[in-house]
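Hi there,

Here is the structure I promised to pass on. Have a look at it first, and my notes follow underneath.

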Amino acid sequence: MSAYLSRPATAGRVPGLLFIYEILGMTGEMKRLVDELAVEGYAVLMPHLFDRGSWFSCVRKIMNELKTGSGSGVQDLIEARSWLVRQPFVDPERIAVMGLCMGGGFALLLAKTGLFRVSAPFYGPVPEKLEGICPLVASYGGQDRRLAKDAERLAKELPALDIPYDMKVYPEAGHGFMNRRPNMLLTLLARAGNIDYDPDAAADAKDRLLRFLGKHL
């Protein structure tokens with residue numbers, strides 16, 4: 001499985017971040033987000049989960065694993081984390097996971113494995129059970145109709161889990177507010193489906209993410 005790695009040009013070990021992309025896969029926009037996080041002082045690894053077949057077949061398989069909570073895709077992510085912690089430039093005791101959309105769902109699943117110190121889901125589907133999750137910084141769009149119930153349940157259950165958390169729902173933002181679309185056609189389609197990029201929400205969510213990582217990672 002191939003992957004995209006970006007890290008700061010500094011000496012010594014830095015915290016590691018496993019980045020899980022959205023359903024469109026390994027796009028230039030996902031790489032941009034990874035690079036921006038690397039500039040902030042993190043070694044960021046984005047495994048290419050759709051590297052083992054056609055996009056359609058991989059999406060169908062991965063989305064099924066997201067529902068069941070197990071499968072080769074989940075194992076691929078755990079192996080990617082294992083690779084990351086073995087690198088000489090990574091502090092193996094400070095590893096976080098972050099994901100967008102589909103990746104946000106996996107970030108929540110992996111938060112329960114005990115392998116990560118922080119999980120950062122962006123508008124991801126929430127698993128049925130949340131017991132045992134690590135500290136969490138979560139961001140959702142208030143206009144995201146598909147995940148409205150997930151966001152509501154997460155907000156309701158987090159206070160009872162006895163973990164540090166920061167969850168925010170951006171009232172004017174829809175699904176996919178964190179990343180830009182690669183061309184005008186997809187931009188127009190995204191706006192029609194209420195999944196457009198929201199620069200204000202994206203900037204605030206990134207700031208919250210970095211502050212939470214700085215405190216808990």
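Let me start with Phe 106, which is buried at 1% relative accessibility. By buried I mean under 20% relative accessible area, with exposed being over 50% and partly exposed in between, using a 1.4 Å probe and protein chains only. Phe 106 sits in helix 4. Helices here are DSSP runs of H or I with at least four residues, strands are runs of E with at least two, and both are numbered from the N terminus. Setting aside neighbours within four places in sequence, Phe 106 is in contact with Ile 20, Ile 62, Leu 66, Val 74 and Leu 77, where contact means heavy atoms within 4.5 Å. Its C-alpha atom is separated by 8.4 Å from that of Gly 69, and the two are 37 residues apart along the chain.

Before going further, a word on provenance: this is a predicted model, in which local features need pLDDT of at least 70 and side-chain atom pairs count only at pLDDT 80 or more, while totals for chains, interfaces and linings use all residues. Residues are numbered from 1 along each chain as its sequence is written, and side-chain values use heavy atoms, with hydrogens and water left out.

What surrounds Phe 106 in its own helix fits the same picture. Helix 4 covers residues 102–110, and 9 of its 9 residues are buried, so the helix is largely enclosed by the rest of the structure. Among them are Gly 103, Gly 104 and Gly 105, as well as Leu 108, Leu 109 and Leu 110.

Now the chain as a whole. It has 7 helices and 7 strands, and from the N terminus on they run β-β-α-β-α-α-β-α-β-β-α-β-α-α. The radius of gyration is 16 Å, which agrees with the value near 17 Å for a compact globule of 217 residues; the radius is taken over C-alpha atoms, and the globule rule is 2.2 Å times the number of residues to the power 0.38. Along the principal axes, the C-alpha atoms fill a box of roughly 45 × 40 × 35 Å. Of the 217 residues, 51% count as buried. Of the contacts between residues at least 6 apart in sequence, 66% join residues at least 24 apart.

For the surface and charges, the accessible surface comes to about 10200 Å², and 54% of it belongs to carbon and sulfur atoms. These areas come from the Shrake-Rupley method with a 1.4 Å probe, and for residues only the protein chains shown count as cover. There are 27 positive and 25 negative side chains, and the centres of the two sets lie 3 Å apart. Lys and Arg count as positive and Asp and Glu as negative, leaving out His and the chain ends, and each charge is placed at NZ of Lys, CZ of Arg, CG of Asp or CD of Glu.

Which residues touch the most other members of the largest nonpolar core? They are Phe 19, Phe 122 and Tyr 140, in a core of 72 residues. A nonpolar core is a set of buried Ala, Val, Leu, Ile, Met, Phe, Trp, Tyr and Cys residues joined through side-chain atoms within 4.5 Å. Beyond four places in sequence, the contacts of Phe 19 include Met 30, Leu 33, Val 44, Pro 47 and Leu 100.

A few other buried positions may interest you. Pro 15 belongs to strand 2 (residues 14–20) and has a relative accessible area of 10%, which makes it buried. Not counting residues up to four places away, Pro 15 touches Gly 41, Tyr 42, Ala 43, Arg 94 and Leu 217. Asp 76, in helix 3 (residues 72–85), is buried with a relative accessible area of 12%. Outside its sequence neighbours up to four places away, Asp 76 touches Met 1, Leu 49 and Arg 52.

Finally, the backbone. Most residues other than glycine have a negative phi. Tyr 123, however, has a positive phi of about 40°, and Asp 162 has one of about 60°. Tyr 123 lies in the loop between strand 5 (118–122) and strand 6 and is buried at 0%. Asp 162 is in the loop between helix 5 (148–157) and strand 7 (165–170) and is exposed at 72% relative accessibility.

Best wishes
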